[in-house]
Amino acid sequence: MSEQRVLDEHAHHIVGPRVYVTILFALLLGTALTVGASFVDLGSWHLTSSLVIYWNPIVALAIACSKAVLVVLYFMHVRYSTKLTMLTVGAGIFMFLALVGMTLSDYISRAWGQW
Amino acid sequence: MSHISPVIWQFLVKWLTNSALFPPEASRLAPQMDALLFFLILVSLIGLTIVVLLVVGFSILYSKKRHPVAVQVEGSTLLEATWTIIPLGLFLVMFVWGALIYFRVFTPPANAMNIYVVGKQWMWKAEHPGGQHEINSLHVPVGKAVQLTLISQDVFHSFSIPAFRVKREAIPGRYTTVWFEATVPGTYHLFCTQYCGTNHSQMIGDVVVMTPEDYRKWLAESTSGMSLAQNGERLFASLSCAACHNARPDARGPSLANVYGSKLTLSSGGTVTADDAYLREAILNPSQHVTQGFAPIMPTYQGQISEEGVIALLEYIKNLNSDYRVQQTLTTTDLLPGSEGKAAPAGSKSAAQGPAAQGKVKP
Amino acid sequence: MSSSATIVRLPDQSTARIPKLNYLSKENGILSWLLTGDHKRIAILYLISITFFFFIGGALAGLIRLELLTPQSDLMATDTYNKVFTMHGIIMIFFFLVPSVPATLGNFFIPMMLGAKDLALPKVNLLSWYLYMGAGILALYTMMTGGVDTGWTFTTPLSTHYVNTNVLTTGLAVFIAGFSSIFTGLNFIVTIHKMRAPGMTWFRMPLFVWAHYAASILMVLGTPVLAIAIVLVALERTIGIGVFDPTKGGDPLLFQHLFWFYSHPAVYIMILPGMGVISEVISTFSRKRVFGYTAVAFSSVAIAVFGFFVWAHHMFIMGISNYSTLVFSLLTMLVAVPSAIKIFNWTFTLYKGSITFETPMLYAFGFMGLFTIGGMTGVFLGTSGTDIHLTETYFIVAHFHFVMVGGMLMAFLAGIHFWWPKMTGRMYPEKISQLAAVVTFIGFNLTFFPQFILGTLGMPRRYASYPPEFQILNVFSTAGASILGVGYLLPVLYLTWSLKYGPIAGNNPWQATGLEWQTQSPPLTENFTEMPIMDHEAYDYEWLENQQTREKEAEVTSAG
Amino acid sequence: MPDSTAIAQGAPDTAGSTHGEHPPYLRHHFNSAEQQADASNFAMWLFLLTEVMFFGGLFTAYLIYRNWYYAAFVAGSHQLNVVWGTLNTLVLILSSFTMAMGVWCAETRRRRGLVLCLALTLILGLGFLGIKTIEYSEKIEKHHVPGAHYSLQSFLDPDSDDAARAAGDKPLPLDMARHTEVYFSLYFAMTGMHALHMIIGIGILGFMIFRARAGAYTAGHVTFVENFGLYWHFVDIIWIYLFALLYLISRHGT
């Protein structure tokens with residue numbers, strides 16, 4: 001990307017249109033996939049009589065996550081930015097999971113009855 | 001002492017003579033709870049003494065007068081490890097000990113007698129299996145394990161008997177249980193300790209612990225004529241539950257005889273124990289609790305039965321150990337005044353709206 | 001006291017002058033304050049406003065104590081009483097305790113301690129003060145127009161369906177106040193990461209800054225969850241959505257999960273900055289580097305991290321699963337450890353020091369005693385077994401007042417007395433301030449210690465009337481409260497007095513080592529004449545002495 | 001999002017003109033333009049952190065009730081229009097792309113390009129809100145807004161409802177049907193919060209276009225554009241999840 005001069009306040013890497021276009025198409029593809037997947041029954045996996053894993057939600061979430069990751073890494077430049085930024089993103093994800101996980105743990109274990 | 005104001009002096013005397021510093025121990029659990037409590041107090045006192053002694057001691061030894069020039073000390077890994085590990089160890093002991101007590105308080109013994117308690121703004125309603133109702137008071141026999149099944153009709157309440165060292169929240173829409181075994185006859189405080197609105201501080205009462213014979217006497221003279229189970233039976237009939245829940249070969253609902261406490265397999269595949277909580281859910285949200293082999297056709301009774309009504313039904317189902325009774329109720333249904341307990345048409349939202357969800361069935 | 005018993009070194013009053021050019025004299029006029037970007041001026045704005053709210057909350061506390069003087073609810077009707085304690089809680093927590101040390105002392109001194117000219121985002125800093133004031137005024141308006149009686153915890157379904165008081169406006173006030181503290185915390189984190197002077201490595205920062213860093217993390221990550229919980233309560237009240245409504249299939253306990261996810265870390269937001277103050281004070285008045293600097297620094301971070309995973313210990317008897325109870329009880333035990341570490345490290349900072357007993361040090365001692373009690377009684381409540389008996393009684397009231405009032409407020413006063421000469425350039429009368437410290441300590445214990453006994457006896461909290469046998473202890477408590485009130489009024493009086501008549505303090509009256517003391521007091525708007533270089537560890541008293549001798553030599557040579 | 005405007009230390013007129021050698025947009029309390037840029041960028045990330053936790057509460061509630069009332073959630077999601085939903089997802093992704101391009105234009109000092117990109121982003125954002133309005137009005141007509149007027153009709157009697165019939169829904173038992181209200185509570189809470197963020201973003205976009213035409217962001221100081229870009233992408237990410245969780249629970253026959 002020869003024509004880009006690095007600006008005085010930007011030591012950091014400038015992401016160019018080529019990357020953005022690629023990501024755009026990846027995201028559009030992901031959307032198509034997830035909509036498509038939701039119309040097919042991907043079946044389930046019976047671990048026990050009570051514990052059953054359904055694939056549809058898992059696939060949907062997996063696609064959503066990969067789309068999110070693309071946006072974060074390229075549109076939001078995390079891939080090219082400092083450790084600190086990555087750490088911040090990591091902290092966000094971690095606390096989010098802590099909130100969801102630890103709250104859910106209560107609800108799940110309530111179903112186990114008294115003891 | 002003459003220079004102390006007479007008022008304060010009076011207070012001191014009164015306090016020292018007739019005001020306790022520690023609540024009475026009136027349940028089997030209380031001494032165990034207090035043992036832990038004293039252990040905690042002891043540890044705290046020791047810790048506090050250590051800190052205070054060190055602070056005071058250092059302040060005297062190393063005051064600027066005595067010790068004009070400070071000696072820089074970077075720190076000591078050994079010391080820091082000590083006061084990291086020792087407290088941690090103590091805390092873990094407290095955790096385990098506390099957990100054991102917690103287990104005890106919330107796991108009632110099998111032979112416990114069950115009393116239902118419904119909390120509502122701002123009163124406690126106790127329902128004895130014998131059909132005795134009481135408000136803001138609870139009569140229990142001495143030396144018998146008593147299990148309370150608590151539920152709230154509106155907001156969070158909390159059922160607290162300090163002398164027994166037990167406390168449990170009454171939650172809207174869910175049963176909670178706690179148990180105790182009173183050891184000393186007498187009258188004790190009963191508080192609502194979860195803030196529940198304007199008259200929170202008036203939601204108090206007495207727990208009366210009686211000798212077995214007194215208790216029997218009390219039961220006899222305060223009975224309402226019909227037991228909870230009998231009320232339940234009438235309700236069972238008037239809601240014509242027996243139309244499906246009769247043990248006939250073509251019955252559309254499972255037989256309820258001896259169902260209580262049994263393991264059920266649900267149409268969803270999971271298995272559950274048919275306890276109070278499950279039966280309550282099965283009445284109010286049936287479609288999530290369909291027994292295997294039956295169609296999800298049972299209508300919901302959400303908003304049509306009062307909590308007392310549900311409790312009566314539970315008592316009936318609990319005591320239902322033969323299908324014969326059901327057949328009887330089935331035939332006696334038409335004898336009952338049909339109006340009674342005839343609920344609003346299913347699906348009427350207004351009935352389910354928030355505080356309006358008071359039952360129309362008063363046995 | 002004799003000169004050897006103090007380290008206070010004031011300049012010669014006959015010649016000393018307050019520097020002509022400083023952040024107070026830079027500009028004049030009300031606008032120069034309302035539109036300022038200067039962290040020091042914003043800190044002063046905060047100081048004034050939180051003092052105002054503190055005394056409103058205090059007045060409400062006075063009413064509560066008066067009502068409880070007698071067993072019957074005779075001073076006011078029960079619902080009035082409920083409104084009073086609710087507003088007391090909301091004002092004290094969201095409008096005093098949370099912003100108290102960070103927004104005033106933190107705002108003022110974090111940039112100076114780091115050798116920066118200002119916080120990273122001055123406009124955001126000002127914005128957060130405006131948000132705070134807006135929220136505060138809204139809360140006061142709510143109080144004037146009928147108040148709210150849900151208790152500061154907004155417990156559903158009480159707050160959504162069973163009260164018809166101003167829950168919405170109060171909720172909005174708390175929501176806005178929350179964003180104010182989010183922006184403060186955000187500002188601190190950015191400043192600490194990006195604005196440190198050359199040589200100011202992480203492990204050369206004063207522990208005050210470490211403590212604020214930890215607290216800021218909690219503010220940034222915790223507060224939004226409270227915000228969304230309040231939004232949902234508002235929606236449930238207005239259009240009647242069913243997220244927390246048991247009659248629609250919602251779970252009222254979910255609200256408490258979300259609420260306590262913020263409100264438990266919030267107590268660390270409140271106490272951590274106070275701990276930071278104590279570290280500074282203890283070190284300065286015993287002329288010693290804090291014992292085990294790294295341990296204290298990391299214990300702050302540890303508290304912040306563990307603090308996020310213990311919230312459900314507020315719900316042990318409220319119907320969370322027994323398995324969760326075990327997990328959360330265990331984690332609660334873990335979070336208690338770092339606090340113990342801090343206490344002992346402070347204690348051993350005194351060891352082989354050269355201790356003097358100026359007012360800030362007295363408050364610090366008070367803090368250590370009271371916080372130890374408060375912390376230990378916290379373990380009583382974290383222990384799932386005893387929690388059953390003690391929770392929701394006056395024991396819990398006493399516990400968090402020992403931590404919040406006995407701990408945080410003592411620390412706040414210690415900090416105010418410690419940095420007052422730097423903020424105003426003037427000294428306060430030492431004797432009377434020491435008296436105030438002692439009065440506060442006595443009054444506090446008399447007020448809140450009886451409440452431990454009351455709680456153990458089983459007296460429930462939030463009761464307008466109570467069984468008569470509890471009266472004596474309540475009378476003690478009320479008597480103590482009045483003494484406490486005096487203890488809090490005194491500083492206001494003599495500190496205001498000192499603004500005009502106090503002796504000139506000079507740059508470094510305590511001989512403290514922090515960068516903030518190495519510049520004039522009151523400081524310049526840009527804090528330092530030239531960017532300071534941090535060439536020594538924190539709390540390096542040798543460095544300070546060499547520095548001073550060097551300065552003296554310089555004067556001598558310039559004079560000769 | 002009031003703080004991103006506050007973060008903008010961009011305006012040349014508010015420059016610390018005292019330091020001659022420094023670029024005009026450098027605020028006096030920073031030592032270098034790079035420090036200033038890093039600081040505001042980091043601040044923006046921290047703000048997004050708070051946003052994550054803000055939505056975190058909603059996602060927690062969603063997961064709990066979805067597990068409890070799965071059937072109700074499926075029936076509820078069948079009331080949403082996948083076509084509109086997908087269209088909105090595409091619109092938002094496209095707007096994210098134009099925003100990213102805008103940042104690039106600013107970084108490489110293309111004024112025209114920047115204005116164009118921002119304008120496109122704005123239009124797409126408005127398009128998103130427009131479609132959302134259509135969807136909301138459908139819900140209002142069907143009385144699927146939680147509260148006093150909530151109607152269970154489409155769930156008790158799916159044949160009376162096109163969407164439900166199309167999805168081949170079976171009638172829900174009354175108790176489960178009632179729980180669809182929880183689903184729609186969460187639907188409106190989540191999409192509503194998201195839409196609110198969009199509206200704020202569009203407001204800021206308008207302000208930015210105005211400034212960009214004056215060349216404010218193409219003179220080397222692009223922090224504000226970049227920070228806003230971060231915000232916009234974040235809002236995009238939230239929608240990516242909302243779309244998957246609210247619209248696509250189960251589209252195949254149950």
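This dialogue explains how several features of a predicted model may be read.

User: How many residues of chain B are in contact with chain C, and how many of chain C with chain B?

Analyst: In this predicted model, 83 residues of chain B contact 78 residues of chain C. As a general point, the size of an interface is often given as the accessible area lost when the parts come together; here the description is by residues. On the side of chain B that touches chain C, at least two residues each come from α1 (6-18), α2, α3, β6 (157-161), β7 (166-170) and β9 (186-192) of chain B.

User: Which element gives the most to that side of chain B, and how do its residues divide by class?

Analyst: The greatest contribution is from α3(B), with 17 residues. By class, the side of chain B that touches chain C holds 48 nonpolar, 25 polar and 10 charged residues.

User: How far apart should the ends of α3(B) be, and how far apart are they?

Analyst: A rise of 1.5 Å a residue gives the expected span, so the 30 residues of helix α3 (residues 77-106) of chain B should cover 44 Å; the C-alpha atoms at its ends are 43 Å apart, in agreement with that value. Several residues of α3(B) are buried, among them B:Trp83, B:Leu90, B:Phe91, B:Phe95, B:Ile101 and B:Phe106. For chain B as a whole, 42% of its 363 residues count as buried, and the secondary structure comprises nine helices and 12 strands.

User: How should the packing of α2(B) against α11(C) be described?

Analyst: Two packed helices are described by the angle between their axes and the distance between the axes. Helix α2 (residues 29-61) of chain B and helix α11 (residues 322-350) of chain C meet at about 20 degrees, with axes 8 Å apart. Angles under 35 degrees count as roughly parallel, and α2(B) and α11(C) are therefore roughly parallel to each other. The crossing is left-handed. B:Val51, B:Leu54, B:Val55, B:Phe58 and B:Ser59 of α2(B) make this contact with C:Ile343, C:Thr347 and C:Leu350 of α11(C). Six of the residues in the contact are nonpolar, two are polar and none is charged.

User: At what angle do α3(A) and α2(D) cross, and which residues meet there?

Analyst: The axes of helix α3 (residues 83-110) of chain A and α2(D) come within 9 Å and cross at roughly 20 degrees. That angle makes α3(A) roughly parallel to α2(D). Here the crossing is right-handed. The residues from α3(A) include A:Leu84, A:Met95, A:Phe96 and A:Tyr107, and those from α2(D) include D:Phe42, D:Trp45, D:Met53 and D:Phe59. The contact divides into 17 nonpolar, six polar and no charged residues.

User: What does α2(D) give to the side of chain D that touches chain C?

Analyst: The contact between these chains takes 34 residues from chain D and 35 residues from chain C. On the chain D side, α1 (2-7), α2 (33-68) and α9 (180-213) give two or more residues, and α2(D) supplies the largest share, 16 residues. That side has 21 nonpolar, nine polar and four charged residues.

User: Is C:Pro360 buried or exposed, and which residues does C:Pro360 touch?

Analyst: Burial is judged by counting C-beta neighbours within 10 Å, with 20 or more taken as buried. C:Pro360 has 27 such neighbours and so counts as buried. C:Pro360 lies in helix α12 (residues 359-382) of chain C. Leaving aside residues up to four places away in sequence, C:Pro360 touches C:Val281, C:Phe285, C:Ala414, C:His417 and C:Phe418. The C-alpha atoms of C:Pro360 and C:His417 are 5.7 Å apart, although 57 residues separate the two along the chain.

Conventions: Residues are numbered from 1 along each chain as its sequence is written. Chains are lettered from A and ligands numbered from 1 in the order in which they are written. This is a predicted model: local features need pLDDT of at least 70, side-chain atom pairs count only at pLDDT 80 or more; totals for chains, interfaces and linings use all residues. Two residues are in contact if their C-beta atoms, placed from the backbone, lie within 7 Å. Helices (H or I, at least four residues) and strands (E, at least two) are DSSP runs, numbered from the N terminus. Ala, Val, Leu, Ile, Met, Phe, Trp, Tyr, Cys and Pro count as nonpolar, Asp, Glu, Lys and Arg as charged, and the others, Gly among them, as polar. The expected span of a helix is 1.5 Å times one less than its number of residues. A residue is buried if 20 or more other C-beta atoms lie within 10 Å of its own, exposed if 12 or fewer, and partly exposed in between; C-beta atoms are placed from the backbone. Axes are lines fitted to C-alpha atoms, for helices over the stretch in contact, and angles run from 0 to 180 degrees between N-to-C directions. Angles under 35 degrees count as roughly parallel, over 145 as roughly antiparallel, 65 to 115 as roughly perpendicular and the rest as oblique. A crossing is left-handed if the near helix is turned anticlockwise from the far one by less than a right angle, and right-handed if clockwise.
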